[in-house]
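Thanks for sharing this one. Here are my notes, set out point by point, so that you can follow them with the model open beside you.

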Amino acid sequence: MSAIAIGSKAPDFEIDTDGGAPFRLSANKGSAVVLYFYGTDDTETCTNENVEFSRLADEFSAANTKLVGISEDSVASHARFRTKYDLKPILGADPDHKAIAAFDLWQPKKTFGREYLGLVRTTILVGPDGKIANIWTVKRVKGHADEVLEAARALNAKA
């Protein structure tokens, strides 16, 4: 996979969601889409990230922007996660790495000296034209959803 870049066409993918209907990126042309890739349902940082995006879900919707959280977890895991925390975004199950690989987010990582392959927590803003408008490698979850919302508003103001 080649690295993704701002201004390039976002790779298309289709994954199952906890809502029952699959999510296909290309089917959302005309709306901005925030794809936020996170590690695991019901872990502290991932829960905080999902809760932050949920808190702002109505504002993203008002900005003509769809929210899609994606992890390797199963549809059943996502359904439990949504119920437990009353989450608002679409939750995409990507155990086969269709979206993760399309965006080249399965990469070498290192924790406490141990090297392994894992998901790089990343948020991607795809414009209504299907092109990548912004990319964030997320180091700090607090305040991140607010930053993405401001970028989505600015993007849609131009459109």
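**Notes on the fold and a few residues**

1. D42 sits in the loop between strand 3 (32-37) and helix 1 (44-55); helices (H or I, at least four residues) and strands (E, at least two) are DSSP runs, numbered from the N terminus. Its phi is positive, about 65 degrees, although D42 is not a glycine. Most residues other than glycine have a negative phi. D42 is partly exposed, with a relative accessible area of 38% (buried means under 20%, exposed over 50%, partly exposed in between, with a 1.4 Å probe and protein chains only).

2. A word on the source: this is a predicted model, in which local features need pLDDT of at least 70 and side-chain atom pairs count only at pLDDT 80 or more, while totals for chains, interfaces and linings use all residues. Residues are numbered from 1 along each chain as its sequence is written, and side-chain values use heavy atoms, with hydrogens and water left out.

3. F112 also deserves a look, as a residue other than glycine with a positive phi, near 50 degrees. You will find F112 in the loop between strand 6 (106-111) and strand 7 (114-119). F112 is exposed, with a relative accessible area of 87%.

4. Now the overall fold. The protein has five helices and nine strands, and their order along the sequence is β-β-β-α-α-β-α-β-α-β-β-β-β-α. The C-alpha trace spans about 45 × 35 × 30 Å along its principal axes. For 159 residues, a compact globule would have a radius of gyration near 15 Å, and the protein agrees with its 15 Å (taken over C-alpha atoms; the globule rule is 2.2 Å times the number of residues to the power 0.38).

5. How much of the protein is buried? Buried residues make up 47% of the 159. Of the contacts between residues at least 6 apart in sequence, 63% join residues at least 24 apart, where contact means heavy atoms within 4.5 Å.

6. Two residues show such links nicely. I4 lies in the segment before strand 1, and its C-alpha is 9.5 Å from that of L105, 101 residues away in sequence. Leaving aside residues up to four places away in sequence, I4 touches A102, F103, I124, I132 and I135. D18, in the loop between strand 1 and strand 2, is buried, with a relative accessible area of 18%. The C-alpha atoms of D18 and A76 are separated by 6.8 Å, with their positions 58 residues apart along the chain. With the same sequence neighbours left out, D18 touches V75, H78, A79, R82 and L91.

7. Please also check the aromatic side chains. The whole structure holds eight aromatic pairs (rings of Phe, Tyr and Trp, its six-membered ring, with centres within 6.5 Å; planes under 30 degrees apart count as stacked, over 60 as edge-to-face and the rest as tilted). F13 and F23 form a tilted pair, 6.0 Å centre to centre with 45 degrees between the planes. F13 is in the segment before strand 1 (14-17) and F23 in strand 2 (residues 23-24), ten residues apart. Both F13 and F23 are buried. The rings of F53 and F60 have centres 5.9 Å apart and planes at 45 degrees, so this pair is tilted. F53 and F60 are buried, and they belong to one aromatic cluster with Y36, Y38, F81 and Y85.
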